[in-house]
Structure formats: structure tokens, C-alpha cells
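Here are my notes, as promised. Have the structure open while you go through them.

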Amino acid sequence: MSTSSINQVRVRIAPSPTGALHIGTARAALFNYLYARAQDGVFVLRIEDTDVERSDPKFEKNIIEGLRWLDILWDEGPIDAMLNENSTSSQTTNHKLPTTNSHGPYRQSERGATYRAYIQKLLDSGRAFYCFHSEKELLEERDNLMAMKRPVLHLCEFRTMEAAEAQIAKETKPDCIIRFKTPPGRVIQFRDLIRGDVCFESDLLGDFSIAKNNDTPLYNFAVIVDDEEMAISHVIRGEDHISNTPKQILLIEALGFKTPQYAHLPLILGPDRSKLSKRHGATSVDEYRKAGYLPEALFNFIALLGWNPGSDREIYSRDEIVAHFSLERVQKSGAVFDVGKLDWMNGEYIRRKSATELIELCLPFLEERGFIKKGGDRNYLEKIVLLEQPRMKKLSEIGERTDFFFREPKYDAPLLRWKGMTDNDVRESLQKSKQLLGALGMGVVESKNIEKIFFEAIGERDKGTLLWPLRVALTGKKASPGPFEIIEIMGIDAALKCIDRALGKLTT
């Protein structure tokens with residue numbers, strides 16, 4: 001085992017590259033990151049890619065880029081996963097990724113020799129054995145146990161087979177698996193830093209599998225070897241791993257490893273309080289990035305999923321979250337993923353952006369809709385973006401909210417009608433707006449001046465009779481910013497053309 005400072009906190013996130021970075025994995029990574037920073041410890045990124053059939057380099061890339069984007073940066077990890085000039089990380093901290101891999105390699109696929117040595121150690125000590133039951137036999141056993149409503153566990157008859165006999169049997173049944181010889185009558189107890197004392201009976205575990213063969217370790221075995229070799233002091237992970245903990249503790253004891261401290265985080269729940277899944281909406285970090293959420297907003301939001309800093313505040317800077325974080329304030333019950341709250345929080349972060357920052361963030365969404373090309377009029381874009389900044393909840397909304405600035409609005413004539421208005425009433429209203437705007441000339445006119453002449457013309461009458469048809473003519477929408485701000489940005493000439501198109505929609 002590699003050496004580290006005796007009392008140094010070392011934590012890890014060990015995602016499996018079998019899918020995109022899940023919001024739950026990101027939350028676990030964040031809590032490990034926060035604990036490491038709060039304790040002046042080390043945060044390790046490890047890739048658990050022993051599932052060869054399902055692991056894919058594209059998912060590893062997605063996971064790494066997602067963590068970078070959230071600015072959850074690791075101290076140790078795969079060297080080729082370091083930041084580069086194309087990184088998506090917001091890089092809001094001075095923390096740098098590693099230049100050495102003192103506890104590596106950090107991909108399980110590169111650690112085969114280490115696993116083989118420890119598997120052989122368990123076999124030689126008699127703590128593990130070869131199981132020669134076929135998959136069909138094991139499935140039948142499981143079905144029978146379920147039918148009898150008994151615990152589904154395997155007490156293997158091959159656990160007492162002599163080593164020499166097992167070697168002979170392997171020649172005829174080379175596809176045998178390797179199981180751990182679970183000691184009977186044990187009570188396995190550990191203290192969870194979040195949940196307190198947790199107990200399991202070994203008689204309910206059975207002889208569990210630890211490897212498909214000498215070269216292919218399974219999760220519960222590989223993870224405890226990696227944690228030992230990488231000197232992990234604290235294992236902070238989701239509560240769905242609690243049932244794995246007694247098996248891992250037995251393996252740790254059998255190999256003479258040091259047992260880490262455990263902390264199991266509450267599950268992330270959907271609004272119906274069931275485990276968060278795709279039926280509740282987006283579940284991957286990438287989906288939220290593409291939808292126009294800011295990384296600092298998502299960082300803030302997921303930090304509060306199951307953790308409370310001790311106040312009613314919702315908005316915290318990264319440094320504040322690090323300074324306040326402790327496992328003692330992590331709750332035991334599930335944390336509800338409230339998209340409405342995330343939208344509100346993201347909007348708050350959007351409103352804190354400068355005009356320059358927000359333009360840069362909105363450009364990709366406007367380009368994606370084909371509204372602008374690179375090198376467009378930045379002054380014009382700035383006015384549009386600042387107009388929407390007070391209302392936006394997601395960056396992706398900029399396109400649908402401002403499309404009328406870039407193309408002819410599409411709508412049906414009935415939308416032009418204010419309460420009880422006829423087409424003739426609408427026509428007269430639009431003609432009045434055209435007359436008022438035409439009197440202003442074609443130069444740049446501030447919204448407050450436009451507002452002044454329109455309100456003088458309206459007098460004591462219902463404002464909607466003049467302003468609703470005008471706003472719909474400009475935008476084609478039921479809801480939008482006020483017509484005066486819109487006209488100031490698009491100009492009098494463009495506004496008059498919009499009115500003419502609206503008049504053309506009305507019946508004669």
C-alpha cells in the first residue's frame with residue numbers, strides 16, 4: 001500500500017463509465033470534494049471500468065467534463081484527465097489538478113495485477129473459493145427461495161472443497177466464479193458518520209461472489225482493494241451502498257486492511273418522493289448544462305440536497321459552502337430535487353452576471369437557433385440580453401424569448417385582440433400606434449420618450465386597447481417585455497414594419 005500522512009483525510013469519487021454523469025454521482029462527488037477541502041484533505045478521482053461490456057470511453061469523457069464544468073476538481077486521478085485549454089471547467093478556484101499519480105493507476109482496468117494478487121491471497125488463505133454452480137442452477141435456486149419467501153442468498157456447497165480438488169474441477173468447468181467464504185453467526189457493525197450505528201448479520205449475506213475469475217474482480221472486492229491501495233480514509237457515498245458495506249468490511253478484515261470511516265448520503269428523490277429517475281425529468285449533469293443552467297447555480301443547488309448550512313439562506317458562494325460544510329449537518333432522510341427551486345436559483349445567478357458575461361453565455365444558444373452568426377453586432381445583442389436578464393431562469397430561454405428581434409414573429413390575428421375588441425377596433429389601435437411612432441422619426445428613441453407620448457394619447461382609457469395589439473404585433477407573444485423597451489432596441493422602422501404585417505392579418 002502507498003503511504004500517506006497518517007491522519008490525512010483522503011476521499012474519493014469512483015464513477016463507473018457506463019452512462020453520463022448522473023446528478024446523484026455529481027452530488028456524491030461534491031460532498032467528497034467539500035469534505036476534503038473543509039478538512040484540508042485529498043480528493044481522488046477513480047474510474048471503475050471493470051465492466052468491460054458496458055464501459056465506454058465516451059462516458060468517461062462525459063463524467064470528467066461534467067466534473068470540470070461544475071468545478072469539482074480532484075487532487076489525484078488519471079493524468080490524461082487533467083485540465084487542458086479546451087476544458088469546460090469554470091475554473092473559479094485556484095486549485096489545480098494533479099501532475100503526479102502517486103497512488104495510481106486510477107482506472108480499474110489498469111490495476112489487474114493488483115487484484116490478481118489479492119484474489120490469490122484470499123484463495124490461499126481459504127477465505128475465498130471457486131464456485132462451480134452453473135448460472136442456470138443459481139437462477140433456479142434464487143427462484144425457489146423467492147417462492148418460499150426466504151432470503152435470497154447462496155450458501156455454497158463448494159466452500160469446503162480442497163484446493164487441489166478445486167484445481168482439477170477448474171479444468172472441466174473453467175467458467176467458475178470466485179466467492180468469499182462468509183463466516184456464520186457474525187454481527188457486523190459499523191458507525192456511520194451520518195446514520196450512527198448500523199448492524200448486519202452475516203447469516204443473511206451468504207457466500208457472495210467477489211470475482212468472475214482470477215482476472216475479473218467484481219465491485220465489492222475491487223473497491224476495497226482500491227480504497228486500501230489509495231489510502232482512502234473516508235468513504236462518502238449514497239445510502240444505496242449501505243447493503244454493500246458489511247460485505248466490504250468482511251473482505252477488509254480477511255485481507256488485513258484498515259477499515260475506512262463510512263458516511264452514507266441520503267437518496268435524491270423526485271417530487272413524488274420516489275428515487276430520482278428519468279420519469280421525473282433530466283437526471284444527467286449534461287442535460288442541465290445544455291438546458292442553460294449555470295455551473296455555479298447547480299453547484300449551490302446540489303450542495304443543499306441533503307445538507308443544511310444552518311441558516312435559511314439559499315444562495316452561497318463556493319467558499320462559503322466549503323467553510324460551512326460538515327458531515328454532521330447532512331440529513332438522514334431523502335432530499336427532494338425541486339426543479340422549481342433550481343430554476344429560481346439559476347435565475348438569481350443569471351441576474352448577478354455582467355452584460356459581457358451574460359452575452360458570452362447566451363451566444364451559443366442564439367447561434368444554435370440560427371438567430372446570429374459569430375461576429376454579430378455586440379451592442380445590439382447586449383441590449384437584447386439585458387432586456388431579458390431580469391426574467392430569465394435558464395440561458396436556453398434567450399432564444400424563445402427574443403426570437404422576434406431576429407425574425408418575423410408568427411401568430412394568428414385573434415391574438416391581437418384585447419378584451420372585447422373587434423378586428424376593426426384592433427385596426428384602429430394599430431393605426432394609432434403607427435401614427436404616434438411615425439411622428440417620432442427614424443432615429444434612436446429612448447423607451448421613456450415613447451412611453452410618454454403613448455400614455456398621453458391613452459389618457460384615462462384602458463391602456464390595453466392600445467398597448468396589447470402593439471406588443472403582439474412586435475413580438476407575436478402573449479407574454480413579453482413591454483413594447484417601449486422593445487421598440488427602443490429594434491428601432492422605429494422595424495416596429496412600423498411589424499405593425500404593417502399585423503394590419504395585413506386583419507380581415508377587411
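The points below cover the pocket, one strand pair and the cysteines.

1. First, a reminder that this is a predicted model.

2. On to the pocket. The largest one has a volume of about 1,100 Å³. Its lining takes in 39 residues, and Ala 14, Ser 16, Thr 25, Asp 240 and His 241 are the closest to the centre.

3. Which elements each supply at least two residues of that lining? They are β1 (10-13), α1 (23-38), β8 (216-217) and β9 (234-238). The biggest contributor is α1, with five residues.

4. If you're thinking about the chemistry of the lining of the largest pocket, the split is 16 nonpolar, 14 polar and nine charged residues.

5. Now for β5 (residues 187-192). Ile 188, Phe 190 and Asp 192 sit on its covered face, while Val 187, Gln 189 and Arg 191 make up the uncovered one. As background, side chains in a regular strand alternate between the two faces of the sheet.

6. What does β5 pair with? Its partner is β6 (residues 196-201), antiparallel, over six bridges. Phe 190, from the covered face of β5, has Val 198 in β6 as its bridge partner. The two strands are joined by a hairpin through three residues.

7. Last, the cysteines. There are zero disulfides in the structure. Cys 156 is in none, and its nearest cysteine sulfur, that of Cys 131, is 3.6 Å away; the cut-off for a disulfide is within 2.5 Å, so this pair does not count as one. Cys 156 is buried, at 3% relative accessible area. Cys 362 also counts as buried, at 1% relative accessibility.

Notes: Residues numbered from 1 in each chain as written. Predicted model: local features only at pLDDT ≥ 70, side-chain atom pairs only at ≥ 80, totals over all residues. Heavy atoms only, no water. Buried < 20%, exposed > 50% of the residue type's maximum accessible area, 1.4 Å probe, protein only. 1 Å grid on protein atoms, 1.4 Å probe; cavity = no way out; pocket = protein on both sides within 12 Å on 5 of 7 lines; lining within 4 Å. Points joined across faces, edges and corners; volume = space filled by probe spheres on them. Helix = DSSP H or I, 4+ residues; strand = E, 2+ residues; numbered from the N terminus. Nonpolar A, V, L, I, M, F, W, Y, C, P; charged D, E, K, R; others polar. Pairing = 2+ DSSP bridges.
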